[in-house]
Amino acid sequence: MTTRILFVCLGNICRSPAAEGVARARIPGIETDSAGTSDWHVGDPPYGPMQAAAQGRGYDISDLRARQFSTEDFTRFDLILGMDADNISAIEALRPPGNATPVRRLTDYAPAAGMDHVPDPYYTRDFDGVLGLIETATQGLAASLR
Ligand code: 4NP
């Protein structure tokens with residue numbers, strides 16, 4: 001069975017497209033997508049500095065376009081991964097009654113990093129640092145699926 005994984009952040013132009021780009025390159029046999037809890041950037045490509053940082057580590061994410069997370073995503077995906085506590089709250093607010101799709105933080109898969117969220121580089125400007133954390137978590141995620 002193919003595992004369908006959705007990565008979610010606020011704008012869907014920095015953290016979640018980066019996570020999608022790393023996961024689709026590093027985890028064979030999964031289906032990936034990403035979404036934002038807001039509608040602020042719907043239709044936009046990933047933020048330029050995020051694209052450049054991703055390219056620097058070998059990930060081309062220029063094809064991705066932002067969309068807003070919706071309640072249908074609970075039935076379209078097997079696992080939903082948010083980047084921070086605000087994302088998780090916004091996701092859970094749309095969970096349909098009776099739905100049991102797991103919603104976790106991406107950082108749950110990188111316990112050694114000691115982070116409970118993926119910092120938003122739109123504000124911190126540390127695009128490469130976020131990619132490093134995402135790569136570490138993606139290794140843990142891949143191991144959890146084996
Ligand atoms: P993201 O970062 O949630 O990682 O995509 C953000 C991008 C844009 C904005 C906020 C966060 N914004 O305020 O437009």
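**Ligand site and helix packing**

Hi everyone, let me start right at the ligand: a backbone N or O atom of Cys14 lies 3.0 Å from one of the ligand's oxygen atoms. Before I go on, please keep in mind that this is a predicted model.

Two side chains make polar contacts there as well. Asp120 places a polar side-chain atom 3.0 Å from an oxygen atom of the ligand, and for Tyr123 a polar side-chain atom is 3.3 Å from an oxygen atom of the ligand.

Which residues are around the ligand? From the N-terminal part of the list we have Cys9, Leu10, Gly11, Asn12, Ile13, Cys14 and Arg15, then Trp40 and His41, and finally Asp120, Tyr122 and Tyr123.

Arg15 takes us nicely to the helices, since helix H1 covers residues 15–26. H1 packs with helix H6, residues 127–145, at an angle of about 45°, and their axes are 10 Å apart. That angle makes H1 oblique to H6. The crossing of these two helices is right-handed.

So who touches whom? On the H1 side we find Arg15, Ala18, Ala19, Val22, Ala23 and Arg26, and they meet Val130, Leu131, Ile134, Glu135 and Thr138 of H6. By class, this contact has seven nonpolar residues, one polar and three charged. Arg15, then, appears both around the ligand and in the contact of H1 with H6.

H6 has another partner to show you: helix H2, residues 48–56. H2 and H6 pack at an angle of about 55°, with axes 9 Å apart, and they are therefore oblique to each other. Here too the crossing is right-handed.

In this contact, Pro49, Met50, Ala53 and Ala54 from H2 meet Phe127, Asp128 and Leu131 from H6. The classes come out as six nonpolar, no polar and one charged. If you have the viewer open, try selecting Leu131: this H6 residue is listed in the contact with H1 and again in the contact with H2.

Thanks for listening!

Methods:
Residues numbered from 1 in each chain as written. Predicted model: local features only at pLDDT ≥ 70, side-chain atom pairs only at ≥ 80, totals over all residues. Heavy atoms only, no water. Axes fitted to C-alpha atoms, helices over the stretch in contact; angles between N-to-C directions. Helix = DSSP H or I, 4+ residues; strand = E, 2+ residues; numbered from the N terminus. Parallel < 35°, antiparallel > 145°, perpendicular 65-115°, else oblique. Left-handed = near helix turned anticlockwise from the far one by under 90°. Contact = heavy atoms within 4.5 Å. Nonpolar A, V, L, I, M, F, W, Y, C, P; charged D, E, K, R; others polar. Near = heavy atom within 4 Å. Polar contact = N/O pair within 3.5 Å; in protein donor to acceptor, adjacent residues only side chain to side chain.
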